[in-house]
Amino acid sequence: MSFELHAILESKRALRRQLAARPVAEKLRLLDAMREREIAIRGRRIQSDSSVLREEPAPFRPKPL
Amino acid sequence: MDIKEVIRAINEMEADGVIECYAIGGAVGATFYLEPVATLDVDIFVTFRSEPGSLLASPKRIFDYLKARGGRMQGEYIVVAGWPVQFLPPGTPLVEEALKDAVRSEVVGTSARVFTAEHLAAIALQAGRAKDKARLLQFVEAGVLDATRFQAIVSRHGLEDAWRKFERQFLSDAP
């Protein structure tokens with residue numbers, strides 16, 4: 001293990017490349033697992049909390065000039 | 001929770017004539033080309049058919065079809081196999097083109113219609129939120145974009161300025 005930033009970043013890039021190269025079915029299974037984990041972490045309380053900062057919805061339309 | 005079940009349900013809906021064609025966009029679409037990134041929902045772009053006797057296109061037939069097969073409504077989403085699914089009409093010429101040019105991708109035992117990497121990247125450029133820029137950067141860094149096709153889409157949809165700005169912000173070595 002190294003604490004050299006360059007090596008850490010390169011290792012992260014390598015992991016991302018490795019994940020991206022996996023078969024689609026496997027990547028979809030990872031999405032399922034990540035969503036299950038996210039639900040477990042968030043819980044229902046946070047979903048109904050209006051004070052939580054939420055992501056704005058995608059506009060899917062051109063921005064005004 | 002099984003996103004492949006969502007894909008199967010959408011394919012059945014297409015085969016049964018409830019929708020004409022669809023394409024997966026958003027983070028799930030991007031996962032076909034990049035590393036998977038956690039997402040809350042599945043974005044399905046689809047051309048809605050109008051209800052009999054109405055000129056307005058509506059997702060009602062889609063919701064009725066999926067509810068009859070165990071889906072349940074949750075706000076603007078319908079939950080299928082544990083995933084909130086959002087059906088979106090193509091709201092811009094870029095998304096219309098993306099829907100038309102979407103490609104079939106094999107997923108064990110079934111297939112899914114997905115936006116091309118170049119269209120997903122261009123849509124991220126157009127949407128322009130922080131997470132869209134992060135996704136666009138992922139596409140560029142992963143080297144999965146056909147530069148000629150991407151540039152053609154950018155030009156066709158008047159996104160040259162947005163692309164130049166993105167390049168300056170994220171792809172330039174200059175401070």
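How much area do chain B and chain A bury between them? I opened my notebook with that one.

**Entry 1: ground rules**

I am looking at a predicted model, where local features need pLDDT of at least 70, side-chain atom pairs count only at pLDDT 80 or more, and totals for chains, interfaces and linings use all residues. Residues are numbered from 1 along each chain as its sequence is written, chains are lettered from A and ligands numbered from 1 in the order in which they are written, and side-chain values use heavy atoms, with hydrogens and water left out.

**Entry 2: where the two chains meet**

I looked up my opening question and found about 2,700 Å² buried between chain B and chain A, 64% of it on carbon and sulfur atoms. Buried area here is the accessible area (1.4 Å probe) that two parts lose on being put together, summed over both. On the chain B side, B:M1, B:P36 and B:R129 lose the most area to chain A, together 22% of what that side buries.

Next I checked who takes part: 36 residues come from chain B and 26 residues from chain A. Contact means heavy atoms within 4.5 Å.

I also found seven residue pairs in polar contact between the chains, both residues at pLDDT 80 or more. A polar contact is a pair of N or O atoms within 3.5 Å; within protein, one must be able to donate a hydrogen and the other to accept it, and residues adjacent in sequence count only if both atoms are side-chain atoms. The chain B side that touches chain A divides into 19 nonpolar, nine polar and eight charged residues. For that sorting, Ala, Val, Leu, Ile, Met, Phe, Trp, Tyr, Cys and Pro count as nonpolar, Asp, Glu, Lys and Arg as charged, and the others, Gly among them, as polar.

**Entry 3: salt bridges**

How many salt bridges are there between chain B and chain A? I noted two, and the count over all chains comes to 13. A salt bridge is a side-chain nitrogen of Lys or Arg within 4 Å of a carboxyl oxygen of Asp or Glu.

One of the pairs between chains joins B:E141 and A:R16, with the closest N and O atoms 3.6 Å apart. This pair crosses from helix α6 of chain B to helix α1 (residues 5-20) of chain A. Helices (H or I, at least four residues) and strands (E, at least two) are DSSP runs, numbered from the N terminus. B:E141 is exposed at 52% relative accessible area, while A:R16 is partly exposed at 30%. The cut-offs are under 20% for buried, over 50% for exposed, and partly exposed in between (1.4 Å probe, protein chains only).

Within chain A, A:E10 and A:R17 meet in a salt bridge (3.1 Å, N to O), and A:E10, A:R13 and A:R17 are linked in a network of salt bridges.

In chain B, I found B:D161 and B:R164 paired at 2.6 Å, N to O. They are separated by about one helical turn because they stand three residues apart in helix α8 of chain B.

**Entry 4: the nonpolar cores**

Which residues touch the most other members of the largest nonpolar core? Of its 33 residues, they are A:L28, B:M13, B:F32, B:I62, B:L66 and B:F87. A nonpolar core is a set of buried Ala, Val, Leu, Ile, Met, Phe, Trp, Tyr and Cys residues joined through side-chain atoms within 4.5 Å. Helix α1 of chain B gives the most to this core, with six residues.

I then followed B:F87: leaving aside neighbours within four places in sequence, its contacts include B:I10, B:M13, B:I62 and B:L66. Apart from this core lies another, of 28 residues, among them B:A117, B:A122, B:L125 and B:V154.

**Entry 5: three single residues**

Is B:F115 buried or exposed? I found B:F115 buried, at 1% relative accessibility, in the loop between β7 and α5 of chain B. Not counting residues up to four places away in sequence, B:F115 touches several residues, including B:V95, B:A98 and B:L99. Those three are also among the buried residues of helix α4 (residues 93-101) of chain B.

B:T110, in strand β7 of chain B, is buried too, at 14%. Its side chain makes a polar contact with the side chain of B:N11 (3.0 Å).

Last, I noticed B:A81, which has a positive phi of about 50° although it is not a glycine. Most residues other than glycine have a negative phi. B:A81 sits in the loop between β4 and β5 of chain B and is partly exposed, at 30%.
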